[in-house]
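Thanks, everyone. I have one structure to go through today, and I will keep to the contacts that hold its parts to one another.

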Amino acid sequence: MPLSFPPSPSPSLFRPFSFPHPHAPPSPLPHFFIRVVLGIALLLPVGCTPSAEETAPLDIKLYQTWELQPGDIIGEREVVGGLGDISIALNGNSVYAPFDGKTQFDKRRCLIFSSPDVPAYLFRLCGIDQPRLGKVNQGDVIGKGRLLEFAALRKQPNGTWAIVEPAKAILERTLSQP
């Protein structure tokens, strides 16, 4: 079978570069090119730099204190759940935003979901792979995982957060797409 090669490029695409004549009228092309390069240079720091919400992990002060906390090490093994966490076998399935809101990491790199629809609550989701950070809409996939450790936190008058039992409806919204 004979090999075929693409046609050779047009010679007009490979013209040698030449400087314009010193008395020629100025071309608008360099100004356009400079503006494009300058625009891209100005947008790069905005587009490539994560927002402060994504880089600054939340430091949540819990109302309750127990001797063993998730993240502690016992017998060279990490404690991944604690009192108040609900463990759910995801088996690789997705979890969803239960409301419009935003997600960010806490200091343990668990996903924290907050929403103006439930301003007195935070939802902590540990064990999520490839979490989606930032603003999310209700029903958006916010991650997947094998084992989800879910905790509902209610804001206390002193500014701390108490772990409370999550409503079954909240868990259902988190585990199934609307």
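I will start with the overall layout and then move to single residues.

This is a predicted model, so please take what I say as read from a prediction. The chain has three helices and ten strands. Going along the sequence, two helices come at the start, then the ten strands, and a helix closes the pattern. Of the 178 residues in the chain, 29% are buried. Among contacts with a separation of 6 or more, 62% are between residues 24 or more positions apart. The exposed area is about 12900 Å², with 61% of it supplied by carbon and sulfur atoms.

Now the disulfide. The count is one, and the bond runs from Cys-110 to Cys-126 with the sulfurs 2.0 Å apart. Cys-110 sits in the loop between β5 and β6 while Cys-126 belongs to strand β7, so the bond ties together parts that are 16 residues apart in sequence. Both Cys-110 and Cys-126 are buried. The S-S torsion is about 105 degrees, so this disulfide is right-handed.

Next, charges. Side chains of opposite charge can pair when their charged atoms come close. How many salt bridges does the structure hold? There are four, and I will take three of them.

Two share Asp-59. Asp-59 pairs with Lys-61, with the closest N and O atoms 2.9 Å apart. Asp-59 also meets Lys-107 in a salt bridge, at 3.6 Å from N to O. That second pair links distant parts of the chain, since Asp-59 is in the loop between α2 and β1 and Lys-107 is in the loop between β5 and β6, 48 residues apart. Together, Asp-59, Lys-61 and Lys-107 are linked in a network of salt bridges. On accessibility, Asp-59 is partly exposed at 41%, Lys-61 is partly exposed at 48%, and Lys-107 is exposed at 58%.

The third is between Asp-85 and Arg-124, with the closest N and O atoms 2.8 Å apart. Asp-85 lies in the loop between β2 and β3 and Arg-124 in strand β7, so this pair ties together parts that are 39 residues apart in sequence. Are these two buried or exposed? Asp-85 counts as buried at 13% relative accessibility, and Arg-124 is buried at 6%.

That brings me to Glu-149, in strand β9. Which side chain of opposite charge is nearest to Glu-149? It is Arg-124, at 7.3 Å, and Glu-149 is buried without a salt bridge. The cut-off for a salt bridge is 4 Å. What Glu-149 does have is a polar contact of 2.9 Å with the side chain of Ser-87. Glu-149 also touches several residues further off in sequence, including Asp-85, Arg-124 and Cys-126. Asp-85 and Arg-124 are the salt-bridge pair I just described, and Cys-126 is one end of the disulfide.

Two last residues. Gln-64 is in the loop between α2 and β1, and its side chain reaches the backbone nitrogen of Ile-163 at 2.9 Å. Beyond its sequence neighbours, Gln-64 is also in contact with Trp-161 and Ala-162.

Ser-94 is in strand β4 and is buried, at 15% relative accessible area. Its contacts away from its sequence neighbours are Val-141, Gly-143, Lys-144 and Leu-175. From Ser-94 to Gln-177 the C-alpha distance is 8.9 Å, although they are 83 residues apart in sequence.

That is what I have; questions are welcome.

Conventions: Residues numbered from 1 in each chain as written. Predicted model: local features only at pLDDT ≥ 70, side-chain atom pairs only at ≥ 80, totals over all residues. Heavy atoms only, no water. Helix = DSSP H or I, 4+ residues; strand = E, 2+ residues; numbered from the N terminus. Buried < 20%, exposed > 50% of the residue type's maximum accessible area, 1.4 Å probe, protein only. Contact = heavy atoms within 4.5 Å. Areas by Shrake-Rupley, 256 points an atom, 1.4 Å probe, with all protein chains shown as cover. Lys, Arg positive; Asp, Glu negative; His and termini not counted. Polar contact = N/O pair within 3.5 Å; in protein donor to acceptor, adjacent residues only side chain to side chain. Disulfide = S-S within 2.5 Å. Lists of a residue's contacts leave out its neighbours within four places in sequence.
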